[in-house]
Amino acid sequence: MRRGIRSAAAHRFYRHTLPRVAVDAVLVAFAYYMAYWLRFDGDVPGLYSDLFERTIAFVVVGNVVVFAACGLYRHWIRYASQRDYLQILQACVLATFALVLYVAIVQP
């Protein structure tokens with residue numbers, strides 16, 4: 001008798017998922033801050049500072065959601081393969097497009 005894949009088994013929640021999500025959120029926020037800081041040599045103009053403040057929450061939450069949707073939190077990566085690297089690249093590109101769409105549509 002063959003057993004079908006249960007939906008709960010396809011989306012397991014492991015004990016190491018929350019720390020990975022937290023670390024990813026902190027690293028994404030730090031990278032976004034450093035992108036502004038390096039672009040303007042530490043002196044961010046007021047217009048861009050406002051843009052940063054209005055988009056930082058979407059960037060952090062959006063990246064975590066995109067990473068989860070792309071399956072980066074499904075398993076513990078001890079030894080990464082080429083497929084894992086492509087999955088990470090795909091998630092980063094999708095998150096970047098999501099930010100561009102957010103800024104274009106919402107116009108914060």
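**Helix packing in a predicted four-helix model**

Student: In which helix does Tyr48 lie?
Tutor: The model discussed here is predicted. The protein holds four helices and zero strands, and its elements run α-α-α-α from the N terminus on. Within this arrangement, Tyr48 belongs to helix α3.

Student: Is Tyr48 buried, partly exposed or exposed?
Tutor: A residue is buried under 20% relative accessible area and exposed over 50%. The relative accessible area of Tyr48 is 36%, so Tyr48 is partly exposed.

Student: With which residues is Tyr48 in contact, leaving aside its neighbours within four places in sequence?
Tutor: One partner is Tyr36, which is 12 residues from Tyr48 along the chain. The C-alpha atoms of these two residues are separated by 8.1 Å. With those neighbours left aside, the contacts of Tyr48 are Tyr36 and Phe40.

Student: Which residues of α2 are buried?
Tutor: Helix α2 covers residues 17-39. The cover over its buried residues includes α3 and α4. Those buried residues of α2 are Thr17, Arg20, Ala25, Val28, Tyr32 and Tyr36.

Student: How many Å apart are the end C-alpha atoms of α2?
Tutor: Helix α2 has 23 residues, and at 1.5 Å a residue it should span 33 Å. The expected span uses one less than the number of residues. The model agrees with this expectation, as the end C-alpha atoms of α2 are separated by 33 Å.

Student: Which residues form a nonpolar patch on the surface?
Tutor: One member is Tyr33, placed in helix α2. Patch members need over 30% relative accessible area, and Tyr33, at 41%, counts as partly exposed. The patch has about 440 Å² of accessible area together, and its residues are Phe30, Tyr33, Trp37 and Leu38.

Student: Which residue just after α2 takes a positive phi, and of about how many degrees?
Tutor: The residue is placed in the loop between α2 and α3. It is not a glycine, and its relative accessible area of 71% makes it exposed. The residue is Asp41, with a phi of about 55°.

Student: Which element gives the largest share of the largest nonpolar core?
Tutor: This core has 14 residues, of which Tyr32, Tyr36, Val59, Phe67 and Ala91 touch the most other members. Two or more residues are given by each of α2, α3 and α4. The largest share, four residues, comes from α3.

Student: Which residues does Phe67 touch, not counting residues up to four places away in sequence?
Tutor: Phe67 is among the core residues that touch the most other members, and α3 comprises residues 46-69. One of its partners, Ala91, is a buried residue of α4. With the sequence neighbours not counted, Phe67 touches Asp24, Val28, Leu72, Tyr73, Ala91 and Cys92.

Student: Against which helices do the buried residues of α4 pack?
Tutor: Helix α4 comprises residues 82-106. Its buried residues are Asp84, Gln87, Ala91, Ala95 and Leu99. They pack against α2 and α3.

Student: How many Å should the 25 residues of α4 span?
Tutor: The estimate takes 1.5 Å a residue, applied to one less than the number of residues. The end C-alpha atoms of α4 are 36 Å apart, in agreement with the expected span of 36 Å.

Student: What percentage of the residues of the protein count as buried?
Tutor: The accessible surface comes to about 8500 Å², with 64% of it belonging to carbon and sulfur atoms. Burial requires under 20% relative accessible area. Of the 108 residues, the share that count as buried is 24%.

Methods: Residues are numbered from 1 along each chain as its sequence is written. This is a predicted model: local features need pLDDT of at least 70, side-chain atom pairs count only at pLDDT 80 or more; totals for chains, interfaces and linings use all residues. Side-chain values use heavy atoms; hydrogens and water are left out. Patches are made of residues with over 30% relative accessible area and no salt bridge: like charges are joined within 9 Å, nonpolar side chains (Val, Leu, Ile, Met, Phe, Trp, Tyr) within 5 Å. Accessible areas come from the Shrake-Rupley method with a 1.4 Å probe; for residues, only the protein chains shown count as cover. A salt bridge is a side-chain nitrogen of Lys or Arg within 4 Å of a carboxyl oxygen of Asp or Glu. Buried means under 20% relative accessible area, exposed over 50%, partly exposed in between (1.4 Å probe, protein chains only). A nonpolar core is a set of buried Ala, Val, Leu, Ile, Met, Phe, Trp, Tyr and Cys residues joined through side-chain atoms within 4.5 Å. Contact means heavy atoms within 4.5 Å.
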